Amino acid sequence: MPVTKATIRAVTELTARRAQASDAAAGDGTVFSAAGAWPPLAFLADGADGPARTEPADGAVGLPADDAAGTARELLGATGTMRGLDSALGLRTKRTLQLRERWEAGLPAEAHGVLTGDPAACKGALDAWAVKRTRGPTGEMPVAPAKDTEMVPARAPAMRTNWLRRFWGHPVTPETGPWVDRDSPRRRSSGKWASARRR
C-alpha cells in the first residue's frame, strides 16, 4: 500500500518540530521518527470535537481532522508490510468513557482495550500487549496509568536489523555544521561505513 506525499509530509513535519524542541531543551542531538507517534494523534483528532479536533490538525497532525483517520490507516497499512518492522496501535479507555461506535469501528483490529482502574494491572496489561505485538523488543511501555486515568493511546514500533559487519568506535568532532564542537561516536566497520539490512 503506497503512502501519499501528504502523509509523508505530515509525519516529517512533526518529526522536525519535535527534534527542534528536543534540541532546544536538552542541548543534545536527537534521533527518532514521529512515524510512531503520528497515527494515534491522527485517530484522536478524527474522534474529537471542538478545539481538540482543530488544534491537532493545525499543529501535530498537519492534516484536516476529516482526513486524519484514513491517512493513519494508510500509514499503518504501509508500515505493516515492511519486513523487520513490527508495530501496533492501541487505545485503552475506562468502561465509563463513551466512544462513538463509528469511530471505534475505524480503529485497527484489536486496538481497543479497557482500563480497569487498577494501576498495576493496567500497566501489566499494556506491557504484555507491547511484548506480544512487537514480538519481544518493547518490554515495557513508558506510561503508568493512574486509578483515575480515562484514556491511554499507545503505539509500539520495533525494528529488527542485521548489520553486515561488526562495528568499532571512531570518535569524530565536526568542525562545521550543526554538530560543530560535539564529540560524536561514529561507527565504522572494516574500513567501510556499515549499512543495515532488514531480516
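The following exercises, each with a worked solution, examine one predicted protein model.

Residues are numbered from 1 along each chain as its sequence is written. Because the model is predicted, local features need pLDDT of at least 70 and side-chain atom pairs count only at pLDDT 80 or more, while totals for chains, interfaces and linings use all residues, and side-chain values use heavy atoms, with hydrogens and water left out.

**Exercise 1. The chain as a whole**

State how many helices and strands the protein chain has, and give their order.

Solution. Helices (H or I, at least four residues) and strands (E, at least two) are taken as DSSP runs, numbered from the N terminus. By this rule, the protein chain has six helices and seven strands. From the N terminus on, the elements run α-α-α-α-β-α-β-α-β-β-β-β-β. A further step concerns burial: a residue is buried under 20% relative accessible area, exposed over 50%, and partly exposed in between (1.4 Å probe, protein chains only). Of the 199 residues, 33% count as buried. The last step concerns contacts, meaning heavy atoms within 4.5 Å. Among contacts with a separation of 6 or more, 55% come from residues 24 or more positions apart.

**Exercise 2. The nonpolar cores**

Determine which elements give two or more residues to the largest nonpolar core.

Solution. A nonpolar core is a set of buried Ala, Val, Leu, Ile, Met, Phe, Trp, Tyr and Cys residues joined through side-chain atoms within 4.5 Å. The largest such core has 21 residues, and those with the most contacts inside it are Trp38, Ala42, Phe43, Val61, Trp103 and Leu107. The elements that give two or more residues to this core are helix H1 (5-26), helix H2 (38-47), helix H4 (65-80) and strand E1 (85-94). Of these, H4 gives the most, with five residues. Apart from this core lies another, of ten residues, including Cys122, Leu126, Ala130 and Ala156.

Next, consider H2. This helix is mostly covered, since seven of its ten residues are buried. The buried residues in H2 are Trp38, Pro39, Pro40, Ala42, Phe43, Ala45 and Asp46.

**Exercise 3. The surroundings of Leu107**

Is Leu107 buried or exposed, and with which residues is Leu107 in contact, leaving aside its neighbours within four places in sequence?

Solution. Leu107 lies in the loop between helix H5 (101-105) and strand E2 (112-115). Its relative accessible area is 10%, so Leu107 is buried. With neighbours within four places in sequence left aside, Leu107 is in contact with Phe43, Leu91 and His112. As for distance, Leu107 and Arg73 are 34 residues apart in sequence and 8.3 Å apart in space, C-alpha to C-alpha.

**Exercise 4. The salt bridges**

Identify the residues that are joined into one network by salt bridges that share partners.

Solution. A salt bridge is a side-chain nitrogen of Lys or Arg within 4 Å of a carboxyl oxygen of Asp or Glu. The count by this rule comes to four. Begin with Asp127 and Lys123, whose closest N and O atoms are 3.5 Å apart. Both residues lie in helix H6 (residues 119-134), four residues apart, about one turn of the helix. Both are also buried. Lys123 forms a salt bridge with Glu140 as well, the closest N and O atoms being 3.4 Å apart. This pair links distant parts of the chain: Lys123 is in helix H6, and Glu140 is in the loop between H6 and strand E3 (151-159), 17 residues apart. Glu140 is exposed, with a relative accessible area of 57%. Salt bridges that share partners thus join Lys123, Asp127 and Glu140 into one network.

A further salt bridge joins the side chains of Arg53 and Asp66 (2.4 Å, N to O). Here too the pair links distant parts of the chain, with Arg53 in helix H3 (residues 51-58) and Asp66 in helix H4, 13 residues apart.

**Exercise 5. The cavity**

Find which residues line the largest cavity.

Solution. On a 1 Å grid over the protein atoms alone, a cavity is a set of points where a 1.4 Å probe fits but cannot get out, and lining residues have an atom within 4 Å of a point. Grid points are joined across faces, edges and corners, and a volume is the space filled by probe spheres set on the points. The structure holds one cavity of 30 Å³ or more. About 50 Å³ of space lies in the largest cavity. The lining consists of Pro40, Phe43, Leu44, Leu89, Gly90, Leu91, Trp103, Leu107 and Pro153. H2 and E1 each supply at least two residues of this lining.

Conventions. On a 1 Å grid over the protein atoms alone, a cavity is a set of points where a 1.4 Å probe fits but cannot get out, and a pocket is an open set with protein on both sides within 12 Å along at least five of seven lines; lining residues have an atom within 4 Å of a point.
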